[in-house]
Amino acid sequence: MMASPWPTLACCLGYAYFSTVLGPALMANRKPLKLRNILIVYNLIQTLFSTWIFYEVSELYYA
């Protein structure tokens, strides 16, 4: 995709069109999803994973 600027430009313009025009038009008459519990679990997993990575990296430098 980097051989020419046109594919990258097309991707950027397609994303901009979808996120500003097409996406809102498709979602205009839909109820929002209830993701509160999923986001709580996701954030907990991310926090635990980050803590584990921090622990592993600190063992490399201070062991």
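A patch here is made of residues with over 30% relative accessible area and no salt bridge, and nonpolar side chains are joined into one when they lie within 5 Å. With that in hand, welcome to a short tour of this predicted model.

**Figure 1. The whole chain, with its 2 helices and 0 strands.** The radius of gyration is 21 Å, well over the 11 Å that the globule rule gives for 63 residues, so the protein chain is more spread out than a compact globule. Along the principal axes, the C-alpha atoms fill a box of roughly 55 × 40 × 10 Å. Buried residues account for 2% of the 63 residues. The chain exposes about 6,400 Å², and 72% of that area is supplied by carbon and sulfur atoms.

**Figure 2. Two spans that UniProt lists as "transmembrane region".** The unreviewed entry gives residues 6-26 and 38-55 under that name. In the model, residues 6-26 are 100% helix and 0% strand, with 27 Å between the end C-alpha atoms. Residues 38-55 are likewise 100% helix and 0% strand, and here the end C-alpha atoms lie 26 Å apart.

**Figure 3. A nonpolar surface patch of about 880 Å².** Its members are Phe-49, Trp-52, Ile-53, Val-57, Leu-60, Tyr-61 and Tyr-62. One of them, Tyr-62, is found in helix H2. Tyr-62 counts as exposed because its relative accessibility is 74%, and the exposed class begins over 50%.

**Figure 4. The aromatic pair of Phe-49 and Trp-52.** By the ring-centre rule, the model has 1 aromatic pair. The rings of Phe-49 and Trp-52 sit 5.9 Å apart, centre to centre, with 40 degrees between their planes, which makes the pair tilted. Phe-49 and Trp-52 are 3 residues apart in helix H2, so about one helical turn separates them. Phe-49 has a relative accessible area of 45% and is therefore partly exposed. Trp-52, at 47%, is partly exposed too. Both residues also belong to the nonpolar patch.

**Figure 5. Ile-53 in helix H2.** Helix H2 runs over residues 36-62, and Ile-53 has its place there. With a relative accessible area of 35%, Ile-53 is partly exposed. That value also fits its membership of the nonpolar patch, because patch residues need over 30%. For a sense of distance, look across to Tyr-17: the two residues are 36 residues apart along the chain, and their C-alpha atoms are separated by 38 Å.

Note on methods: Residues numbered from 1 in each chain as written. Predicted model: local features only at pLDDT ≥ 70, side-chain atom pairs only at ≥ 80, totals over all residues. Heavy atoms only, no water. Helix = DSSP H or I, 4+ residues; strand = E, 2+ residues; numbered from the N terminus. Buried < 20%, exposed > 50% of the residue type's maximum accessible area, 1.4 Å probe, protein only. Rg over C-alpha atoms; globule rule 2.2 N^0.38 Å. Areas by Shrake-Rupley, 256 points an atom, 1.4 Å probe, with all protein chains shown as cover. Patch = residues over 30% accessible without salt bridge, like charges linked within 9 Å, V, L, I, M, F, W, Y side chains within 5 Å. Salt bridge = Lys/Arg side-chain N within 4 Å of Asp/Glu carboxyl O. UniProt positions renumbered as here; feature names shortened; annotations may be inferred. Phe/Tyr/Trp six-rings, centres within 6.5 Å; stacked < 30°, edge-to-face > 60°.
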